[in-house]
Amino acid sequence: MQWTQKESMLLQDMMNSEQICIDKYTDYADRACDEELRTLFESIKTTEEEHLKTLEQMQSGTIPAMNAQSGSQKQQDSSSGSGGSKKQSKACEEDEYLCRDALDTEKHVSSLYDTCIFEFVSQQARDVLNHIQKEEQEHGKKIYDYMASHGMTA
C-alpha cells in the first residue's frame, strides 16, 4: 500500500507515541512499589509493543489483519485484599503519580488515534487504527480501575 505524505507523517507520529508509551511503561514497571501495578504496567507495555510492530508493518506498506486480540490481556482484578485502604509509604505515593501520568498518556494517545483514523483513506487502515485505539481506551480503563480500587480517585 502506498501512503499519502500526510498518512506517512501520521504513522510516524503514532509510532513515536507508541515508543514513548513503551519507554514509560518500562520505567513505571520498574518504579512501581505495588506488584499488581507493576504487572499491569508490564502487560500494557507488551500491548504497546504490539501496536508499534503493527504501525511499522503499515509504514512498510502492509496492513495487518486484526483479529480479536483486544481481550487478550488478562483483565486485572480491581479488588484488593487491603480492604481499600490507601497505601501510606512514600514509595507508594509514587504509584499514584505513575498512574495519573499513565492515564493522561493514554488519553492523549487515544485522542491521537481518533484524529488519525479520520485522515486515512483506506478503510482497512482505519479499521486497524480503530482497533488500536480501542486497546488504548482499555488501558485507560484498567489504570482507572486500579486507581479506584486503591483510593487514588477523587
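In what order do the elements of the protein run from the N terminus on?

**Figure 1. Overall fold of the predicted model.** From the N terminus on, the order is α-α-α-α. The protein holds 4 helices and 0 strands. Of its 154 residues, 44% count as buried. Among contacts with a separation of 6 or more, 81% come from residues 24 or more positions apart. The exposed surface is about 8,300 Å². Carbon and sulfur atoms supply 49% of that area. The salt-bridge count comes to 8. Side chains of opposite charge can pair when their charged atoms come close. The next views show some of these pairs.

**Figure 2. Lysine 24 and aspartate 101 form a salt bridge.** The closest N and O atoms are 2.8 Å apart. This pair links distant parts of the chain. Lysine 24 belongs to helix H1, residues 5–31. Aspartate 101 belongs to helix H3, residues 90–119. In sequence, the two partners are 77 residues apart. Is aspartate 101 buried or exposed? Aspartate 101 has a relative accessible area of 19%, so it counts as buried, the cut-off being under 20%. Lysine 24 has a relative accessible area of 22% and is therefore partly exposed.

**Figure 3. Glutamate 94 and arginine 31 form a salt bridge.** Here the closest N and O atoms lie 2.1 Å apart. Glutamate 94 sits in helix H3 and arginine 31 in helix H1, so the salt bridge ties together parts that are 63 residues apart in sequence. Both side chains fall into the partly exposed class. Glutamate 94 has a relative accessibility of 25%. For arginine 31, the value is 35%.

**Figure 4. Aspartate 145 and lysine 141 form a salt bridge within helix H4.** The closest N and O atoms of this pair are 2.5 Å apart. Why are the two residues separated by about one helical turn? Aspartate 145 and lysine 141 are 4 residues apart in helix H4, which spans residues 123–149, and therefore about one turn separates them. Aspartate 145 is buried, at 16% relative accessibility. Lysine 141 is partly exposed, with a relative accessible area of 48%.

**Figure 5. Asp27, Arg31 and Glu94 form one network.** Which feature joins these residues? They are joined by salt bridges that share partners. The pair of glutamate 94 and arginine 31 from Figure 3 reappears here. Of these two, glutamate 94 lies in helix H3 and arginine 31 in helix H1.

Definitions and conventions:
Residues are numbered from 1 along each chain as its sequence is written. This is a predicted model: local features need pLDDT of at least 70, side-chain atom pairs count only at pLDDT 80 or more; totals for chains, interfaces and linings use all residues. Side-chain values use heavy atoms; hydrogens and water are left out. A salt bridge is a side-chain nitrogen of Lys or Arg within 4 Å of a carboxyl oxygen of Asp or Glu. Buried means under 20% relative accessible area, exposed over 50%, partly exposed in between (1.4 Å probe, protein chains only). Contact means heavy atoms within 4.5 Å. Accessible areas come from the Shrake-Rupley method with a 1.4 Å probe; for residues, only the protein chains shown count as cover.
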